[in-house]
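Colleague: I should like to request a close look at a single part of this model, with its surroundings treated afterwards.

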Amino acid sequence: MSKRVLCKFFAHGACLKGEHCEFSHDWKDPPNNICTFYQKGVCAYGSRCRYDHVKASCEQSYHPSSSASLHPLNSDSSILGSTRVTSNGAATITELSSHSGPSLPIIPAWNGESEFHVPDCFNAWNPEPVYQGFLQDSGVSESRITDASERPICSFAAAGNCPRKEKCPFIHGDLCPTCGKQCLHPFRPEEREEHMINCQKKQKHLEALKRSQEIECSVCLERVLSKPSVAERKFGLLSECDHPFCISCIRNWRSSNPSSGMDLNTTLRACPICRKLSYFVIPSVIWYSTTEEKNEIIDSYKEKLKSIDCKHFDFGSGNCPFGTSCFYKHAYRDGRLEEVVLRHLGAADGNTVIAKDVRLSDFLSNMHLR
Amino acid sequence: MQASRARLFKEYKEVQREKTADPDIQLVCDDSNIFKWTALIKGPSETPYEGGVFQLAFAVPEQYPLQPPQVRFLTKIFHPNVHFKTGEICLDILKNAWSPAWTLQSVCRAIIALMAHPEPDSPLNCDSGNLLRSGDVRGFQSMAKMYTRLAAMPKKG
């Protein structure tokens with residue numbers, strides 16, 4: 001319904017309201033880019049304003065399908081009121097039409113330069129209750145909205161510091177044990193859960209990154225994450241052992257020329273430290289501390305490669321030397337995946353071997369013609 | 001080139017920092033060329049090389065550490081795996097079993113270990129190898145001791 005305009009908090013990567021947000025969390029929806037100060041007649045930024053300077057009448061043509069068009073547009077307040085219907089129900093109409101209109105110009109002193117444009121949410125079809133409340137005197141919204149889970153939490157408190165402290169008209173969220181901010185909504189259990197999970201994941205990643213800082217590569221003897229170029233600041237994990245290297249160092253070593261009789265399997269493909277043979281190297285930004293973490297890194301890497309088309313297979317017209325053990329995607333142009341047909345042959349010693357592609361030319365090349 | 005220089009510089013700093021860590025090895029870098037190093041190693045105890053100080057010359061390739069450094073003895077030594085005339089060393093880690101995780105310091109340690117445990121079956125010094133292979137341990141030891149006295153110990157008087 002009213003979820004037509006892209007939420008600007010969501011666009012920046014963090015909307016505290018989650019699914020309760022009255023703005024759209026769908027990238028396909030257009031962002032609201034209309035300057036509300038211009039609507040009121042004055043915008044201090046003039047032509048330098050990063051919001052669009054269009055008149056309210058034009059807005060209709062911008063979003064003709066907007067639900068606001070269902071209602072007559074007589075004055076500012078009626079525009080505001082009409083859109084509230086769509087977002088939060090009829091209960092808020094009176095509140096908005098009676099309070100928000102006249103109180104618009106009141107902007108709290110602490111609303112600094114950066115907040116000055118906040119009222120763009122005041123735009124005709126989608127006023128945002130957070131700022132409504134800030135602009136009105138406290139207590140108004142509290143008395144109107146009865147369901148506690150409908151009320152948003154104070155975004156200032158959630159960011160770490162609410163200047164209004166106890167006088168704040170909004171719910172101050174509960175303290176998140178992981179990030180230590182007041183960002184857990186007391187009445188929205190799913191949202192709390194979601195935040196906790198995300199927060200813990202982030203925290204874990206940060207800790208792993210911190211631990212990884214100290215780790216040195218045994219080839220260049222430098223700290224992997226302190227290498228001069230960003231591309232080099234990555235670990236190369238070996239599948240069979242737990243010795244850390246830079247991705248560039250270990251790849252260079254594995255691809256270096258096997259000069260002076262170095263054996264591919266016992267020297268080049270082995271770990272430089274423990275000489276355990278590993279068939280592949282996995283790039284990773286963080287170093288793991290447990291086997292599960294390592295497996296997770298490997299699995300997500302393989303998962304990622306599986307979505308990339310194999311350049312050797314080339315949609316079926318090429319021939320991939322890695323065959324069925326290739327990490328990349330083997331799909332034909334029509335999206336059909338390659339069917340793996342394994343041919344089992346009984347070898348002379350009684351064991352079963354898996355035959356690779358058998359070609360006539362293989363036999364011909366062994367023939368000695370006289 | 002840049003990578004090898006950076007790595008050698010790291011090793012140089014490490015050597016400076018832990019000069020006293022291994023009293024048997026004294027690794028010195030050439031003043032003007034970081035790709036040339038010399039090392040003084042003490043002959044391991046309970047071997048005919050005990051009491052001697054042997055000088056090694058390192059020539060580090062530009063592809064280091066992807067390729068091993070070339071090491072040879074400057075001090076004459078009687079050892080089955082060291083060429084008597086050129087000082088060339090026959091050691092797998094300096095040839096086909098090289099690994100970039102080795103450092104110049106650890107190569108020195110490996111050479112000390114080789115001195116203590118000669119491998120007579122792949123000799124560069126056949127006379128020495130043959131003595132050991134024929135079981136004449138005493139003959140080998142006295143020859144090695146003599147050359148240690150002659151070449152690796154400070155002259156008396």
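How many salt bridges does the rule find across the interface of chain A and chain B? Please describe that interface, and then turn to the aromatic rings.

Modeller: The model is a predicted one, and the rule finds zero salt bridges across the interface of chain A and chain B. Polar contact is nevertheless present there: three residue pairs, with both residues at pLDDT 80 or more, are found across the interface of chain A and chain B. In the contact between the chains, 17 residues of chain A meet 17 residues of chain B. The area buried between chain A and chain B comes to about 1300 Å², and carbon and sulfur atoms give 63% of that area.

As to the aromatic rings, a search of the whole structure yields 12 aromatic pairs over all chains. One of the pairs is formed by B:Phe54 and B:Phe73, whose ring centres are 6.1 Å apart and whose planes stand at 85°; since planes over 60 degrees apart count as edge-to-face, the pair is classed as such. B:Phe54 belongs to strand β3 (residues 53–59) of chain B and B:Phe73 to strand β4 (residues 70–73) of chain B, so the pair ties together parts that are 19 residues apart in sequence. Both B:Phe54 and B:Phe73 are buried.

Chain B also holds a cluster, in which ring pairs link B:Phe78, B:Phe84, B:Phe140 and B:Tyr147. A charge accompanies one ring of this cluster: the charged end of B:Lys76 sits over the ring of B:Phe84, at 4.5 Å from the ring centre.

Notes
Residues are numbered from 1 along each chain as its sequence is written. Chains are lettered from A and ligands numbered from 1 in the order in which they are written. This is a predicted model: local features need pLDDT of at least 70, side-chain atom pairs count only at pLDDT 80 or more; totals for chains, interfaces and linings use all residues. Side-chain values use heavy atoms; hydrogens and water are left out. Rings of Phe, Tyr and Trp (its six-membered ring) pair if their centres lie within 6.5 Å; planes under 30 degrees apart count as stacked, over 60 as edge-to-face and the rest as tilted. Helices (H or I, at least four residues) and strands (E, at least two) are DSSP runs, numbered from the N terminus. Buried means under 20% relative accessible area, exposed over 50%, partly exposed in between (1.4 Å probe, protein chains only). A charge sits over a ring if NZ of Lys or CZ of Arg is within 6 Å of the ring centre and within 35 degrees of the ring normal. Contact means heavy atoms within 4.5 Å. Buried area is the accessible area (1.4 Å probe) that two parts lose on being put together, summed over both. A salt bridge is a side-chain nitrogen of Lys or Arg within 4 Å of a carboxyl oxygen of Asp or Glu. A polar contact is a pair of N or O atoms within 3.5 Å; within protein, one must be able to donate a hydrogen and the other to accept it, and residues adjacent in sequence count only if both atoms are side-chain atoms.
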